[in-house]
Amino acid sequence: MNCPIRNEDTADLLLAYTARRLDPVKTALLEGHMHTCKDCAEFRAGQELVWRALDAWEAAPVTPDFNRRLYQRIEAEAAEPWYKRLFTSPMAMWKPIVPLAAACLLVVAGFVLDHPNNSTPPSPQPTFRVSVSEADQVENALDDLQLLRQLDSSATSGSSESM
Amino acid sequence: MAEGVNTSMGASAALDYDAQLMLRVKDGDGASFTELLEKHRSPVVHFLYRMIQDHAVSEELAQEVFLRVYRSRNSYEPTAKFTTWLFRIATHLALNWLRDGKNERGQERLDDLSGDGPVREVPDKRVTGEQKMLYEVRLDEVRRAISALPEKQRAAVLMHKYEEMEYSAIAKALDCSESAVKSLLFRAYETLRARLAHMA
């Protein structure tokens with residue numbers, strides 16, 4: 001028999017042997033091997049020690065009102081309104097979709113914010129009109145200012161003459 | 001569907017008695033749920049207790065396990081062994097609990113391992129006080145050695161040792177391959193052999 005401890009594929013034979021889960025044929029083969037293999041014999045001794053130590057660890061008994069508390073929770077859940085049950089029901093298949101939907105929304109929002117002009121198609125005609133009207137407005141404003149200055153200066157000269 | 005409550009695990013498991021009971025629960029038979037609960041309550045609580053080492057929390061998580069089983073009754077399909085599914089839910093809840101509260105609870109738990117849960121008696125009533133103390137010290141060392149294992153290794157050892165689960169079932173419960181389970185177990189037992197060697 002090849003040494004199981006040196007082969008990753010057969011190393012679990014030693015664990016199965018200690019756990020008494022090895023079939024009789026393999027058990028006999030392994031025991032024969034361990035008479036001559038120091039490494040495997042050491043492994044067995046160490047593993048049996050661990051096994052005995054774990055055997056000594058008994059878990060505490062379950063509290064007597066375990067079932068009662070569980071049934072209370074089941075009844076309380078059954079009495080909840082349907083919209084609350086949606087969040088706890090294993091049938092709520094939409095739950096895993098929520099993060100995906102949120103991610104998609106973020107991507108779309110990011111795209112829209114990154115390309116703000118893409119949403120409105122360009123129209124050159126209104127732009128032209130706006131620029132013409134703006135120029136006219138500026139020209140008119142300048143004319144008005146000039147007129148005001150003229151009025152102001154004429155008024156000043158008129159008053160000085162009258163004095 | 002709740003995590004771990006994935007009933008379609010691929011393997012075409014034979015319809016074990018537990019799966020038959022679960023199908024009856026699906027048909028509205030409450031007595032079958034009680035039967036499943038009576039049968040698996042202690043193994044689930046004990047597994048969670050050894051994982052978390054807090055009696056109150058382990059019972060709370062075990063309640064959540066059975067609550068999820070009950071909630072999933074309508075969608076249940078017996079495509080895997082019932083216990084594999086059950087321990088998959090339990091493992092998932094335990095790992096989540098450990099990861100969520102590791103920073104707050106980890107140190108506290110390690111410092112107070114012996115003071116939790118109902119007091120256990122030394123099996124043989126004729127033992128002396130000194131033997132009882134030695135037993136408690138050794139038990140504490142075992143608990144600390146298990147607690148010091150990485151979470152997945154710990155879960156694998158507990159399912160292998162106490163629940164006598166096959167590698168394939170442990171693999172499904174831990175959502176990994178069988179070879180990964182073998183590797184987890186080998187490393188975990190190697191650590192335990194080193195830590196508990198002085199107990200010989």
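**Reasoning through a predicted two-chain model**

In this predicted model, the contact between the chains draws on 38 residues of chain B and 28 residues of chain A.

Q: Which helices of chain B each supply at least two residues of the side that touches chain A?
A: Helix 2 (30-52), helix 3 (55-71), helix 6 (129-147) and helix 9 (178-196) of chain B do.

Q: How do the residues on the side of chain B that touches chain A divide into nonpolar, polar and charged?
A: You get 20 nonpolar, eight polar and ten charged ones.

Q: How many helices and how many strands are there in chain B?
A: Chain B has nine helices and zero strands. Going along the sequence, its pattern reads α-α-α-α-α-α-α-α-α.

Q: At what angle do helix 2 and helix 3 of chain B pack, and how far apart are their axes?
A: The angle is about 140 degrees, and the axes sit 8 Å apart.

Q: Why is helix 2 of chain B called oblique to helix 3 of chain B?
A: Roughly antiparallel needs an angle over 145 degrees, and roughly perpendicular covers 65 to 115. An angle of about 140 degrees fits neither range, so helix 2 of chain B counts as oblique to helix 3 of chain B. As for handedness, helix 2 of chain B passes helix 3 of chain B in a right-handed crossing.

Q: Which classes of residue make up the contact of helix 2 with helix 3 of chain B?
A: By class, there are 13 nonpolar, two polar and two charged residues. On the helix 2 side of chain B, the residues include B:V44, B:L48 and B:R41. On the helix 3 side of chain B, B:V65, B:L61 and B:E59 are among them.

Q: Which residues have the most contacts inside the largest nonpolar core?
A: They are B:L48, B:V65, B:L86, B:A90, B:A94, B:A156 and B:I170, in a core of 61 residues. Take B:A90: leaving aside neighbours within four places in sequence, B:A90 is in contact with B:V44, B:F47, B:L48 and B:V65.

Q: What share of chain B is buried?
A: Buried residues make up 37% of the 200 residues in chain B.

Q: What makes B:R193 count as partly exposed?
A: B:R193 has 19 C-beta neighbours inside 10 Å. Buried takes 20 or more, and exposed takes 12 or fewer. A count of 19 falls in between, so B:R193 is partly exposed.

Q: Where does B:R193 lie, and which residues is B:R193 in contact with?
A: B:R193 lies in helix 9 of chain B. Setting aside neighbours within four places in sequence, B:R193 is in contact with A:G46, A:Q47 and A:V50. Within chain B, the C-alpha atoms of B:R193 and B:A145 are separated by 9.7 Å, with the two residues 48 apart along the chain.

Q: How do you know that A:R20 is exposed?
A: Exposed means 12 or fewer other C-beta atoms within 10 Å. A:R20 has 9, so A:R20 qualifies. You'll find A:R20 in the loop between helix 1 (12-18) and helix 2 (24-36) of chain A.

Q: What is notable about phi of B:E164?
A: Phi of B:E164 is near 50 degrees, a positive value in a residue other than glycine. Most residues other than glycine have a negative phi. A:R20 also has a positive phi, near 60 degrees.

Q: Why is B:E164 called exposed?
A: With 11 other C-beta atoms within 10 Å, B:E164 meets the limit of 12 or fewer, so B:E164 counts as exposed. B:E164 is placed in the loop between helix 7 (151-161) and helix 8 (167-174) of chain B.

Definitions and conventions: Residues are numbered from 1 along each chain as its sequence is written. Chains are lettered from A and ligands numbered from 1 in the order in which they are written. This is a predicted model: local features need pLDDT of at least 70, side-chain atom pairs count only at pLDDT 80 or more; totals for chains, interfaces and linings use all residues. Two residues are in contact if their C-beta atoms, placed from the backbone, lie within 7 Å. Helices (H or I, at least four residues) and strands (E, at least two) are DSSP runs, numbered from the N terminus. Ala, Val, Leu, Ile, Met, Phe, Trp, Tyr, Cys and Pro count as nonpolar, Asp, Glu, Lys and Arg as charged, and the others, Gly among them, as polar. Axes are lines fitted to C-alpha atoms, for helices over the stretch in contact, and angles run from 0 to 180 degrees between N-to-C directions. Angles under 35 degrees count as roughly parallel, over 145 as roughly antiparallel, 65 to 115 as roughly perpendicular and the rest as oblique. A crossing is left-handed if the near helix is turned anticlockwise from the far one by less than a right angle, and right-handed if clockwise. A nonpolar core is a set of buried Ala, Val, Leu, Ile, Met, Phe, Trp, Tyr and Cys residues joined through C-beta atoms within 7 Å.
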